[in-house]
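Colleague: Please take a close look at a single part of this model and tell me how its pieces pack against one another. Set that part in its wider context before going into the detail.

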Amino acid sequence: MDPGVRLMERVRARDDAAFEALYDAYHRLVFGIGLRMLGDPTMAEDVTQTVFLKIWSAPDAFRGGSFVAWVSRVTRNRALDVLRSRSARPESEIPADLPLDGALEDDVFARLDAQRLRDALATLPADQRSLIEQGFFGGVTHSELAQRTDTPLGTVKTRIRTGLQRLRRALGEEVS
């Protein structure tokens, strides 16, 4: 059984230790997705905090299946919300290199994870890699990908699923 699933069962029972273990195991994945999509460590940290706050406050939102896939989707959706709100309400520039307490270590680990993911993505065939990058990091739906690539929707889904399976094998237990 997915260790995230077991921890979520304990989080539902309000087990603080399980929540801490869940955070320790998955915060780098969440931060890495946020950083990849937003390109800003501060915003990625905000997304990470929001995702884990949601996990703690509404653990029943996870209804089973792969915890990694679920938390990745939640993170992706939250980052898309941030991108949408940022484009709707442009704000003044805040220096990206503004030091944050304790952020350096998280940033380093997130960059290491991101590099491993980039290396694993680079091993995929171009048709799978492109669809995964656009779908997961660009916020493009499967239907939109099918239209953009003039490829049947079923083929798009098959290529994404096959690519994700290859990524899972390439990354091994690092993401499970």
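Modeller: Helices (H or I, at least four residues) and strands (E, at least two) are taken as DSSP runs and numbered from the N terminus. On that basis the protein has eight helices and zero strands, and its elements run α-α-α-α-α-α-α-α from the N terminus on. The model is a predicted one, in which local features need pLDDT of at least 70 and side-chain atom pairs count only at pLDDT 80 or more, while totals for chains, interfaces and linings use all residues. Residues are numbered from 1 along each chain as its sequence is written, and side-chain values use heavy atoms, with hydrogens and water left out.

Two totals give the context. Of the 176 residues of the protein, 35% count as buried; buried means under 20% relative accessible area, exposed over 50% and partly exposed in between, with a 1.4 Å probe and protein chains only. Contact means heavy atoms within 4.5 Å. Among contacts between residues at least 6 apart in sequence, 65% join residues at least 24 apart.

The part I have chosen is the group of helix 6 (residues 126-137), helix 7 (residues 142-149) and helix 8 (residues 153-171). For the geometry, axes are lines fitted to C-alpha atoms, for helices over the stretch in contact, and angles run from 0 to 180 degrees between N-to-C directions. Angles under 35 degrees count as roughly parallel, over 145 as roughly antiparallel, 65 to 115 as roughly perpendicular and the rest as oblique.

Helix 7 and helix 8 pack with their axes 9 Å apart, at an angle of about 110 degrees, which makes helix 7 roughly perpendicular to helix 8. Their crossing is right-handed; a crossing gets that name if the near helix is turned clockwise from the far one by less than a right angle, and is left-handed if anticlockwise. On the helix 7 side the contact is made by H142, S143, L145, A146 and T149, and on the helix 8 side by L153, V156, K157 and I160. By class, this contact has five nonpolar, three polar and one charged residues, where Ala, Val, Leu, Ile, Met, Phe, Trp, Tyr, Cys and Pro count as nonpolar, Asp, Glu, Lys and Arg as charged, and the others, Gly among them, as polar.

Helix 6 also meets helix 8: their axes come within 9 Å and cross at roughly 95 degrees, so helix 6 is roughly perpendicular to helix 8. Here D127, Q128, L131, I132 and F136 of helix 6 meet V156, R159, I160, T162, G163, L164, R166 and L167 of helix 8. The residues in this contact divide into seven nonpolar, three polar and three charged.

The remaining pairing is that of helix 6 with helix 7. Their axes come within 10 Å and cross at roughly 135 degrees, which makes helix 6 oblique to helix 7. Helix 6 passes helix 7 in a right-handed crossing. L131, Q134 and G135 in helix 6 meet L145, R148 and T149 in helix 7, and by class the contact has two nonpolar, three polar and one charged residues.

Two residues show how these contacts look from the side chains. L145, in helix 7, counts as buried because its relative accessibility is 0%. Not counting residues up to four places away in sequence, L145 touches L131, Q134, G135, V140, V156 and I160. L131, Q134 and G135 belong to the helix 6 side of the contact with helix 7, and V156 and I160 to the helix 8 side. L145 and V156 are eleven residues apart along the chain, and their C-alpha atoms are separated by 7.2 Å.

R159 sits in helix 8 and counts as partly exposed, at 28% relative accessibility. Leaving aside its neighbours within four places in sequence, R159 is in contact with D127, Q128, L131 and T151. Of these, D127, Q128 and L131 are among the helix 6 residues that meet helix 8. P125 is 34 residues from R159 along the chain, with 9.5 Å between the two C-alpha atoms.
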